[in-house]
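Q: Please take a close look at one helix in this model. I would like to know how its residues are placed, and then get a short look at other spots.

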Amino acid sequence: MIRNAKKIAGYSLLATVSAGLLTIGMQFAMRWQVEKEIKEDLQISADVMLERASDAAQTAINVLNNLAQSPGLSCTTDHRYRYSDAARSTAWIDTIGLVDRNGNLVCTDLGQSARQTGLLPAYQVGDKAVTLSLSAGAGQFDMPSLLVVRHVANGRRLVARVPGELVRIDPVRNDLRRFRYAMLSMGSGTHWFILEPETAGGEIIDRVSVHSDVLPFEVQMSITEAAIDVVTADEREFINLLGLFFGLIMVGIGWYFGRYRPSDGDIILDALDNGEIVPYMQPIIDLDSGAITGCEVLARWLKPDGSVVPPHEFIPLAQNYRLTREVTCRIMQDSCRLLDPVVREGQVFKVALNLFSHQMIDDSIVADIEDVFKDSKLGFKNLIFEISDRVPIQEMDLAKDVISQIRALGAEIALDDVGSGHSGLYNLSSISVDILKLDKLLVDALDGGFAGPELVQGLISLAENLNIGVIAEGVETEEQVIQLRKMGVSAAQGYLFAPPLPAASFCKLMKVARKRQTASEVIPDMEEATETGAEEAA
């Protein structure tokens, strides 16, 4: 089972958000760049339109100025030839004519048959020498023409017609023409021509306006937002695909970094799930009768390859990853299941289980003990819960409350590792205990350590005065057994009797010891039973 699914989900979410933000950022940057380019294109297009109209009008003005230098212009054949030559000297003008004082067209370069009344307003003194105006096209859909007028003399004026079709131009690039609006006007709302968008509607995002400093021309251009969507369609699709590709890469990276790489805590949990952390049991021997009166349950990690990991290698890991409750519950459950068939109904058989110091300030351990042993043959009266003297107990008031709840069930409390810790006597004076377990260091001191026997005797006497039982740990020689019996110790455990054994081996040892034990034995021969258990442990 993947225990760090949250980590993978977090990395995947981060990857998705990163890919999304990158895609949005790229889309925004592309849109900003395209909008900038469109505005530049509109500016250039407006300048081109204005330049074309201005060039046409200025060219017509120059042509008329040159004609006006000739005196006595009229509609004679010679003058009409001059008009014709002038009109054909440029591509902008299609005809040049002469208008009288009343604004009537008298003749053109095409002849006198082109007369037209009311072409221009009647001449007024003070009128400008050069004026520009528009004339309606001949047909309904014909574009207006630009009339460039040059006063000659006595109200007579030369007029050059610049067809709108020659000036009309759409310089906007092809992909924007569907969405652009362009208008060339001569000020005061006089439109020469308008280029309508093919696709109407939409919000205008860019607008430019340019005008001539000399001539009354103004060009306005705008474009709608739909243009960006069309222009950037391919780019947006590419960016989306790129964002998707990047997102998949990021998700892959997130999976790589968040994939299940078991931590030490995960390994401990896997071992618990696989039943690899198992109880080993070391017999507790009555030194007077030689009978097995109980056992201490010790956790061992039995790996699939057959190797056994001692507790000092994995218990600190369980503590670091706060898995001590899981380990303790598993050991209690397995011990209860394995020892129930061995223990006789009503038999006094003490089972010692180790608790961690921090469990002593958490009353959940009381509920765990009740859940595991409430229906067991062992009963609470056969349980001993050991508190190590090597680790100080924090929050002593809470610990006293938890201990009192455990004792209220009928179980006993033992102070373990006495003689190796930092404050055994202080703990002894602070909490209520039923048993002292002398550490192997003190037992070894019986063989000649400085003041060893005196110190052990002092602790035993203290326990006796306090009505506290004593169990010696780490007994390895018969001489130690003899000295402990002389000092009044009646229970011990150690390699002299048996090492910590697998539960199945311990159960077999119990059966063998029970068969060999007789009422007349003081210290029965344990050698065969120990060898049998040791062989099973191997």
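A: Here is a walk along helix α10, followed by two other sites. The model is predicted.

Helix α10 runs over residues 396–408. That makes 13 residues. From its first C-alpha to its last, α10 reaches 18 Å, close to the 18 Å expected at 1.5 Å a residue.

Now the sides of α10. Met-396, Ala-399, Val-402, Ile-403 and Ile-406 are buried. These residues sit on the same side of α10, because they cover an arc of only 120° around the axis. Look next at the face turned away from that buried side. Asp-397 and Ala-408 are there, and both are exposed.

Follow the chain past the end of the helix. Just after α10 comes Gly-410, with a positive phi of about 115°.

A second site is on the surface. Phe-238, Leu-242, Phe-245, Ile-249 and Ile-253 make a nonpolar patch of about 460 Å². One of them, Leu-242, belongs to helix α5, residues 233–258. Leu-242 has 32% relative accessibility, so it counts as partly exposed. The range for that class lies between 20% and 50%.

The third stop is Asn-66. This residue lies in helix α1, which spans residues 5–68. Asn-66 has a relative accessible area of 57%. The cut-off for exposed is over 50%, so Asn-66 is exposed. Asn-66 and Ala-86 are 20 residues apart along the chain. Their C-alpha atoms are separated by 8.7 Å.

How values were computed. Residues numbered from 1 in each chain as written. Predicted model: local features only at pLDDT ≥ 70, side-chain atom pairs only at ≥ 80, totals over all residues. Heavy atoms only, no water. Helix = DSSP H or I, 4+ residues; strand = E, 2+ residues; numbered from the N terminus. Expected span 1.5 Å × (residues − 1). Buried < 20%, exposed > 50% of the residue type's maximum accessible area, 1.4 Å probe, protein only. Arc of directions from axis to C-beta. Patch = residues over 30% accessible without salt bridge, like charges linked within 9 Å, V, L, I, M, F, W, Y side chains within 5 Å. Areas by Shrake-Rupley, 256 points an atom, 1.4 Å probe, with all protein chains shown as cover. Salt bridge = Lys/Arg side-chain N within 4 Å of Asp/Glu carboxyl O.
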